[in-house]
Structure formats: C-alpha cells, structure tokens
Amino acid sequence: MKLVVHLIGLFVAISLLSGCWDSEEIEDLSLLVGVGIDLGEDDQLSLTHQILLPASGQSAETPAPSYENATVLARTVHDAIREVAMSKNVLFANQQRLIIINENVLKSLPLDAVINQFIKDNDTRRSCIIMVSKDPAEQILSTGEDGSVPSNDLYSLSENISATSKILPSITLGQTSASLQAAGSFAIQSVSIKEKMLKLDGAGVINNHSELAGMLTADEVSYMNWLEGNIEGGIIVGEHKGKRFSVEVIDQTNKEIKTTVNDSIEKAAEKEVERQVGIILDKLQNDLKSDAPGFFYYIRSQHPKFYKQNKNNMDEIFSKANVQFKVDLKIIDFGAKGATK
C-alpha cells in the first residue's frame, strides 16, 4: 500500500514539472506594440505591425533596431491580421499600446468599421490608445531615434498633457468604442512628422456617424481643451497695453486666491481665452457641425428623455445650440520677479 502511495506522489510531481501544455517560448512570439493603418492601392488596406525584437545579439557599438515592421495589404483589417501570420510568428497583442489610422482611411471608411476587429479581438488591449496620422502610418512607425520604438515614443508623448494645452487627453480603444456606441462626436489626437521627428499635432474630429468631419490644428486643440475644461498645464499668450505677455497654467485644486485689479493682465488673459474658445466653437458648430467636446454626455445624464428621442441628431442639435461660457482665470503668482527698466 505504501508503494502505491509513493508512486502516485511521484507521478503528480513529474506532471507539475512538465509546465503548461499550451505554453509558448518567448522567442516564438511576435510581441506587437503598435499597428498602423493606411489606404493601399485598389481600395485595399495597408496594415503595419510594429513588433519588438529580442535584445540578444546587440552590441553597444552598433545597436540593432529594437523593432521591426511587417506591412501587409488586405481587403479588411481582419484579413490583414491573418495575412501577417503567414510570415511572422504568432502575434502576441497583449502588449499593444497604439493604433494609428491615417486620415485618408477615415475619409473612405467609418471609424467603427476600421476598429471593429480590434474591439472583437480578445487579445487586443482595450487600453491601447488611438491616434490619427496626417503622414502615412507606415512612415510614422518608421520614424524615431536609433534604438527607440516609435509606438512607445508616441505613447510617452501622449502623457505630456500636463506640460501643454495643445495635447488632447488620450482616448483608448475602449473609450472610442463607448463613444461610437453612444452615437456622439469626439476628437482623436493627431500625429505627424516634423523635421524627421514625431510630433503630436492637432486632432481629427469624428462625428456621430463615425465619419471624419475634419481636422483641428494644435492651437484649436488648445482652444477645445479650454472649452471642455481639460486644461492641466500650458501657456496663455496675449497682449496687455500693447505688450506681449504669457501666463503659465498650473492645476491648483486646493488653493483659491481672489484678486481684483482694474485693467489687469488677469482680465487680458481671460479675454484671450474667451477669444480662443469663441474660435473653436464657431468651427465646431458651423464648419464641422460636430459635438467633439461631448456636451451630449451632459444632456444624456441631465435630460435622459430628450436624449433618447434625439440620440442620433445630437450633432445637428449642437450646431444650432446657443452655447454660453464664462472664463474665470486667477493669476496666483508671477514667474519673473525683480526690477526692470
């Protein structure tokens, strides 16, 4: 009897040491960090998959690229993902951080049709961020300093929202899906190449029909951030009594200082912000006719019956709405101190 017990214990131990039956060696996996989508020839889509390379075999004198791009042509996103599997190891998308869609794709196809496969794919992280590109996405994913990974560089740049008001809060795949399901408009950060460097540059506005309504400049992104109240940092540049000034925006949540000075820089800064917000409101309501700031979310929560009846017409309602706003800006300190002539 004791012999039987010992044999059973030995069998269990050997089974545990054998590892997972369906495990994959890391060398056999293609670690996907970014996907770029362009419009190819004959109405095909061109998908560029950015894949991390193992660090082994690189030397300090001649560092090898830390990634490779695999580009395939196909009729659909789903088909393109299958095509790349014919030339690369199994794609492991759990580390994917970025999806870049060239604006020409969104001029031909609705956004929901472009990202539908990513949403359905259980392996794709819903936290990966979406961007629109002015330059070809394939070119975007090939631009960067030696040894850096463009997908990771762009992901890091998107976190600089506390340093400038010209960057939109990142929108993830999950948030994009939710906005499309809510039939509302929204804006997606745009990226371009300037002097051989990647730069976050403006935004693409998606209307409530999942179409690209138009593009915003970097300055207009700043104006919309003011309108939405998304400012975490940045600079206001204006003029006071014929002289240029700049005010740095700092997020202060636990401090309130009230000052009243007639004809002050504070009032001049408020007027400059009012001017900027007026510009972006005019463009969104009259040119793009899209509720990119997402006012429909407030209507949905505050007036649910009205929203339910007009859910598919929120862009039209926004374009005719009387939007009123008030800027209340307080200067709490001066950055440059000392005597001047």
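Helices here are DSSP runs of H or I with at least four residues, numbered from the N terminus. By that rule, K320 lies in helix α12. The model is a predicted one.

## Exercise 1: The whole chain

Task: State how many helices and strands the chain has, and what share of its residues is buried.

Solution.
- Step 1. The chain has 12 helices and 11 strands.
- Step 2. Buried means under 20% relative accessible area. Of the 341 residues, 42% count as buried.
- Step 3. Now take contacts between residues at least 6 apart in sequence. Of these, 65% join residues at least 24 apart.

## Exercise 2: K320 and its partner

Task: Find which residue meets K320 in a salt bridge, and decide whether K320 is buried or exposed.

Solution.
- Step 1. Start with the principle. Side chains of opposite charge can pair when their charged atoms come close.
- Step 2. The side chains of K320 and E316 form a salt bridge, at 3.4 Å from N to O.
- Step 3. Place the pair. Both sit in helix α12 (residues 314-320), 4 residues apart, so about one helical turn separates them.
- Step 4. Check accessibility. The cut-off for exposed is over 50%. K320 has a relative accessible area of 66%, so K320 is exposed.
- Step 5. E316 is at 44%, so E316 counts as partly exposed.
- Step 6. Look further along the chain. Q285 is 35 residues from K320 in sequence, yet their C-alpha atoms are 7.2 Å apart in space.

## Exercise 3: Salt bridges across the chain

Task: Say how many salt bridges the structure holds, then work out which parts K166 and D219 link.

Solution.
- Step 1. The structure holds 7 salt bridges.
- Step 2. One of them joins K166 and D219, with the closest N and O atoms 3.0 Å apart. This pair links distant parts of the chain. K166 is in the loop between α6 (150-157) and α7 (173-181), while D219 is in helix α8 (residues 218-228). They are 53 residues apart.
- Step 3. K166 has 38% relative accessibility, so K166 counts as partly exposed. D219 is at 36%, so D219 is partly exposed too.
- Step 4. Take a second pair. E220 forms a salt bridge with K283, and their closest N and O atoms are 2.9 Å apart. E220 lies in helix α8 and K283 in helix α9 (residues 265-288), so the bridge ties together parts 63 residues apart in sequence. Both E220 and K283 are buried.
- Step 5. Some bridges form a network. K134, K194 and D201 are linked in this way.

## Exercise 4: How α8 meets α9

Task: Decide how α8 and α9 are oriented to each other.

Solution.
- Step 1. Two packed helices are described by the angle between their axes and the distance between the axes.
- Step 2. For α8 and α9, the angle is about 100 degrees and the axes are 8 Å apart.
- Step 3. Angles of 65 to 115 degrees count as roughly perpendicular. Therefore α8 and α9 are roughly perpendicular to each other.
- Step 4. Name some residues that meet. From α8 they include E220, Y223 and W226, and from α9 they include V277, I280 and K283.

## Exercise 5: Buried residues of two helices

Task: List the buried residues of α6 and explain why they line one face of the helix.

Solution.
- Step 1. P150, S151, L154 and Y155 are buried in α6.
- Step 2. Look down the axis of α6. The buried residues fall within an arc of 140 degrees, so they line one face of the helix.
- Step 3. Turn to α7. Its buried residues are L173, G174, T176, S177 and S179. Their cover includes β5 (98-102), α4 (111-120), β6 (129-133), β7 (186-194) and α10 (296-302).
- Step 4. See what comes next. A183 follows α7 and has a positive phi, near 55 degrees.

## Exercise 6: The nonpolar cores

Task: Identify which residues have the most contacts inside the largest nonpolar core.

Solution.
- Step 1. In soluble globular proteins, nonpolar side chains tend to be buried together.
- Step 2. The largest nonpolar core here has 32 residues. I37, I101 and F118 have the most contacts inside it.
- Step 3. Another core lies apart from that one. This other core has 21 residues, among them Y223, I236, I280 and A292.
- Step 4. Follow I37. Not counting residues up to four places away in sequence, I37 touches residues including L45, S46, I101 and F118.
- Step 5. Move to S46, in strand β2 (residues 45-52). S46 has a relative accessible area of 8%, so S46 is buried.
- Step 6. With the close sequence positions left out, up to four places away, S46 touches G36, I37, D38, G40, T71, V72 and L73.

Technical notes:
Residues are numbered from 1 along each chain as its sequence is written. This is a predicted model: local features need pLDDT of at least 70, side-chain atom pairs count only at pLDDT 80 or more; totals for chains, interfaces and linings use all residues. Side-chain values use heavy atoms; hydrogens and water are left out. A salt bridge is a side-chain nitrogen of Lys or Arg within 4 Å of a carboxyl oxygen of Asp or Glu. Buried means under 20% relative accessible area, exposed over 50%, partly exposed in between (1.4 Å probe, protein chains only). The arc is that of the directions from the helix axis to the C-beta atoms. A nonpolar core is a set of buried Ala, Val, Leu, Ile, Met, Phe, Trp, Tyr and Cys residues joined through side-chain atoms within 4.5 Å. Contact means heavy atoms within 4.5 Å. Axes are lines fitted to C-alpha atoms, for helices over the stretch in contact, and angles run from 0 to 180 degrees between N-to-C directions. Angles under 35 degrees count as roughly parallel, over 145 as roughly antiparallel, 65 to 115 as roughly perpendicular and the rest as oblique.
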